[in-house]
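Biologist: I'd like a close look at one spot in this structure, starting from a pair of side chains and working outwards to whatever surrounds it. Take your time and keep it connected.

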Amino acid sequence: MAITYTSGEQVEVYRFSIPATVLIPLTAVFLQAWLPLRFPFFSIFDLPLLVTIGFATARRSPLAGLLTGGLIGILQDALTHQPIGLYGISKTVVGFGASSLGIKLDVENAGARFLLTIFFYVVHEVVYFMIARGLIGLRMAWSWPHEFLSCVANALLGVLIFMLLDRVKQRT
Amino acid sequence: METVLGRYRNLIVLVGVLFAQVLGLAVQVKRTTDSEPTRLIRIWAVGTVTPLERALVWAQTSSRNVWHNYFYLRGVRAENRSLKQQIERMSLEQVRMSQDADQARRLQALLAFKEQFISGTMAAQVIGSSGSELSRSVYIDKGERDGIKPDMAVITADGIVGKVLRVYGPTSLVLLINDQTSGVGALLDKTRLQGILRGTPSGEVVLEKVMSDETVPAGEMVLTSGGDGIFPKGLLVGRVTKVSPGSELFLNIRVRPAADLSRLEEVLVVTKIDERQAEPDQTGAARAVDILAERLPTVPSKPENTEKGDAPGTAAPGTVAPTTTGSDVKPKAAPPEASAGSGAPAARKTANSSSSSGTGSGTSSGTGATATGNPAMKVSPKPVKAPVQPKPQPAVQDSPH
C-alpha cells in the first residue's frame, strides 16, 4: 500500500512490443463496446482508461503517455455518435498525468495502483464532464454514488489489468 | 531558448495536442448537420472493431442455435400445445377485431384519412454498442450494402428501439430512444395527449411537453404519434411509470420502454413506410355476394345433367340445388352428416356435380364452408343481405344449419 518517492535512477522504465501496443488498446476498445451488450453492468467499467493508465505508468514517458491516451480516446470517440475529442482530451490528460506521476512514484505494488486508478478515474470524469458540458452543451448528470461505485470497480479491475500488462512489458 | 523548449517540451506537446483536439471539437460542434459526411476516422474505427464483433456474435448465435435446435428440446411439446391454444384464442379475437377494423376503415375513408403502413422491414442483429454511457447507441449488422439509410426506424416485436443514425458499408449505428440526444413524437393511448419522448443522461426515458394541468395515470401506454416523420403512428413505446410535477408548466412523465434496450439482440429496421388513404374493405361484401351466388340454384344445360342424374337428389339441377343447399326437401333426402360435408357418398357426389356445373361448389361453400374453414363464411356471416337475395329462394334463407 505504500507509495514511495523514488529518484530518477531508481525508476524502472518499460516498453511494450509493437503487437502489444496495437492489440491491447484495440482489444480494450472492442471489449468495451461488446461486453455491455451481454452484461449491462459492465458499462460502469472503462477498459480503455485502465489500459491508458497501465501503459503510461509502465513507460513513464509523458510524451508516449499523452499520445497513447489521445489515440485510445479518439478511437473510443469514433465509436460513439458524440463529437470526436471528448474521450480524446480526457485520456490525453490522464496519459500525461499518469506517466508524469509514474516517474515520481513507485507504482509497482497493488495498493499504489489501486489509489492511482481511483485518482485518475476521477480526473478523467471531471475533465470529460467539463468538456461535455462546457464545449458540447450536453446535459450531464453527476451522481456521486454512481461515480464512487465506478471508481472502486475500475480500481479493482485496474489492479488485475496492470498485473496482466506486467506480463507483456519488457525492460528497456 | 533551446533550453526552455527542451525543459518544457512535454508540457508544450501536451498543450499543443489538447489545443488541436479542442479546436477539432469546436469545428465539429459548429458544423454538425444531418448532411455531414461521416468522418474517415469513424469509418476506420468502425471498420476495425465491428468485424470482430460480427464474428463473435456469429459464433455465439451459431453455438446457441445448435444447442437450442438440436439438443435442448425439453418442453417443446408442452410449449407447442400452449401455443396452439393461444392461436385458437387469438383466431376468435381476430374475427371480432376484423369487424372493428372494417368499421374503422369505413369511417377513415369517409374522412379521407391517410394511414401509414409499415410495408417493408429488415431483420438485423445487434453486434456491438458505443461503449459509452453518454452515447446510448448500438451497431447492427446491416448497412448501406443492405439498403439501410439514415433515419430509418428500428423496432422490435415489443416496441420501438431507435433510429438509424449513421450508415457504414456493412453496419449501421442506431441511436436508442433513451439517449439524451434522441427525440420521438409520442402520444398517450387513452388521453391522446401528445408530447416528445426524450432520453436522460442516466438512460431513462421521459415524455416531455405535456401540460401540468393534465391528468396522466401511471401504467398508461405510450405510442408513437407519427409526428417525427420517422416512426409510423401507433407503435408501442412503453408505459408510464411515474408522473410528477416538472419544471415550468409541464409534467415530468417517466416511461418504461416496452423493448428491453439493455439486452437487444435482434431488431427490425423499417425500410419502407407506405402512406395511403384508407379504403373500406370490399372483400367482405364481395365474398357475401359470391357466397350467395354460389348458393343460388343455377340453370345448367340439360344434356349434361340428364346424363349425370342417376344418383338420388342429383337427377336434375333444378332439384339438386335445393336439395343440397338446404331446401325443405333436403333434410329428408340426406342425413345431417352429409350436409355438413362429412363425406356421405350422396352428398359428396352432389357437391362434385354442382361444382362441375360451373357455378362454384354450391354445397361445399354453402354448407361445408364453415366446416372446411372458408374465411369468407367465418368473417362475414351477416353479409347475406336482403337486397341481394333473390325472391324465389326461400330455400337459401332456410339454411340447413
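Modeller: Let's fix one term before we go in: a salt bridge here is a side-chain nitrogen of Lys or Arg within 4 Å of a carboxyl oxygen of Asp or Glu. Bear in mind, too, that this is a predicted model.

With that cut-off, the side chains of A:Arg113 and A:Asp166 form a salt bridge, at 2.9 Å from N to O. A:Arg113 sits in helix α5 of chain A and A:Asp166 in helix α6 of chain A, so the pair ties together parts that lie 53 residues apart in sequence. Over all chains, the structure holds 12 salt bridges.

Now look at the space beside this pair. Both A:Arg113 and A:Asp166 belong to the lining of the second largest cavity, which has a volume of about 70 Å³. Searching the whole structure turns up four cavities of 30 Å³ or more. Other residues around the second largest one include A:Phe16, A:Gly54, A:Val107, A:Glu108, A:Phe162 and A:Lys169. Sorted by class, that lining has four charged residues, alongside five nonpolar and two polar ones. As for helices, α2 (47–59) and α6 (144–168) of chain A each give at least two residues to the wall.

Helix α6 of chain A also takes us to the next feature. It is among the elements that supply at least two residues each to the lining of the largest pocket, and so are α1 (18–38) and α5 (110–136) of chain A, plus β2 and β11 (251–257) of chain B. The largest share of that lining, five residues, comes from α5(A), the helix that holds A:Arg113. The pocket has a volume of about 1200 Å³. It is lined by 48 residues, and the closest to its centre are A:Ser43, B:Glu133, B:Arg136, B:Ser202 and B:Gly203. By class the pocket lining comes out at 21 nonpolar, 18 polar and nine charged residues.

Since chain B has come into the picture, here is how it meets chain A. Contacts involve 51 residues of chain B and 44 of chain A, and the buried area is about 4100 Å², with carbon and sulfur atoms giving 66% of it. Of the area that chain B buries against chain A, 14% comes from B:Gln21, B:Leu25 and B:Leu134, more than from any other three residues. Between the two chains the rule finds zero salt bridges, but there are 19 residue pairs in polar contact, both at pLDDT 80 or more. On the chain B side, α2 (9–31), α3 (40–71), β1 (114–129), β2 (137–140), β4 (160–167) and β5 (172–176) each supply at least two of the touching residues. The largest share, 12 residues, comes from α2(B). That side of chain B has 25 nonpolar, 16 polar and 10 charged residues.

Key. Residues are numbered from 1 along each chain as its sequence is written. Chains are lettered from A and ligands numbered from 1 in the order in which they are written. Side-chain values use heavy atoms; hydrogens and water are left out. On a 1 Å grid over the protein atoms alone, a cavity is a set of points where a 1.4 Å probe fits but cannot get out, and a pocket is an open set with protein on both sides within 12 Å along at least five of seven lines; lining residues have an atom within 4 Å of a point. Grid points are joined across faces, edges and corners, and a volume is the space filled by probe spheres set on the points. Helices (H or I, at least four residues) and strands (E, at least two) are DSSP runs, numbered from the N terminus. Ala, Val, Leu, Ile, Met, Phe, Trp, Tyr, Cys and Pro count as nonpolar, Asp, Glu, Lys and Arg as charged, and the others, Gly among them, as polar. Contact means heavy atoms within 4.5 Å. Buried area is the accessible area (1.4 Å probe) that two parts lose on being put together, summed over both. A polar contact is a pair of N or O atoms within 3.5 Å; within protein, one must be able to donate a hydrogen and the other to accept it, and residues adjacent in sequence count only if both atoms are side-chain atoms.
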